[in-house]
Amino acid sequence: CTERVLGQRKVCVVRNALADIASHVETEALGLVADAGNLSDLVAGMDVALDCLDNISAKTAREPSLSL
């Protein structure tokens with residue numbers, strides 16, 4: 001974190017940082033609440049999903065949504 005990004009939403013900061021280091025990568029920043037009811041749909045069809053979840057219940061809900 002730098003002073004430049006203080007007060008900005010984390011989802012936007014991460015999206016911009018990814019664009020700075022890999023502008024060829026297509027990103028979609030979703031600033032919403034992830035939970036057991038919507039997480040599977042959110043990650044469906046994605047090649048990569050970054051775990052920037054802030055709470056343990058969302059992290060626990062993430063596990064069944066992942067497939068290797």
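## A surface patch and the loop between H1 and H2

Leu30, Leu32 and Met46 together form a nonpolar patch on the surface, with about 240 Å² of accessible area. The model behind this picture is predicted.

**Overall build**

The chain has three helices and zero strands. Read from the N terminus, its elements run α-α-α. Helix H1 covers residues 10–21, and helix H2 covers residues 39–43. Helix H3 spans residues 56–62.

Of the 68 residues in the chain, 10% are buried. The chain exposes about 5,600 Å². Carbon and sulfur atoms supply 55% of that area. Among contacts with a separation of 6 or more, 31% join residues 24 or more positions apart.

**Confidence**

The mean pLDDT of the chain is 81. A value of 70 or more is reached by 84% of the residues. Confidence is highest in H1, at a mean of 92. Confidence is lowest in H3, at a mean of 69.

**The loop between H1 and H2**

Which residues sit in this loop? Glu26 is one of them. Thr27 lies there, as does Leu30. Asp35 is also found in the loop.

Their exposure can be set side by side.

| Residue | Relative accessible area | Class |
|---|---|---|
| Glu26 | 78% | exposed |
| Thr27 | 35% | partly exposed |
| Leu30 | 33% | partly exposed |
| Asp35 | 36% | partly exposed |

Why does Glu26 count as exposed? Its relative accessible area is 78%, and the class of exposed residues begins over 50%. Thr27, at 35%, is partly exposed, because that class lies between under 20% for buried and over 50% for exposed. Leu30, at 33%, is likewise partly exposed. This residue belongs to the nonpolar patch with Leu32 and Met46. A patch residue needs over 30% relative accessible area, so Leu30, at 33%, meets that cut-off.

**Links across the chain**

Several loop residues can be placed against partners elsewhere in the sequence.

Start with Glu26. Glu26 and Arg15 are eleven residues apart in sequence, and their C-alpha atoms are 9.7 Å apart in space.

What does Thr27 contact, leaving aside its neighbours within four places in sequence? The partners are Arg15 and Leu18. Arg15 therefore appears in two of these pairings, once by distance from Glu26 and once by contact with Thr27. Thr27 can also be placed against Ala49. These two are 22 residues apart in sequence, with a C-alpha to C-alpha distance of 9.8 Å.

Asp35 is paired with Thr60. The two are 25 residues apart in sequence and 8.9 Å apart, C-alpha to C-alpha. Thr60 falls within H3, residues 56–62. That helix has the lowest confidence in the chain, at a mean of 69.

Notes. Residues are numbered from 1 along each chain as its sequence is written. This is a predicted model: local features need pLDDT of at least 70, side-chain atom pairs count only at pLDDT 80 or more; totals for chains, interfaces and linings use all residues. Side-chain values use heavy atoms; hydrogens and water are left out. Helices (H or I, at least four residues) and strands (E, at least two) are DSSP runs, numbered from the N terminus. Buried means under 20% relative accessible area, exposed over 50%, partly exposed in between (1.4 Å probe, protein chains only). Contact means heavy atoms within 4.5 Å. Accessible areas come from the Shrake-Rupley method with a 1.4 Å probe; for residues, only the protein chains shown count as cover. Patches are made of residues with over 30% relative accessible area and no salt bridge: like charges are joined within 9 Å, nonpolar side chains (Val, Leu, Ile, Met, Phe, Trp, Tyr) within 5 Å. A salt bridge is a side-chain nitrogen of Lys or Arg within 4 Å of a carboxyl oxygen of Asp or Glu. pLDDT is the predictor's confidence in each residue, from 0 to 100.
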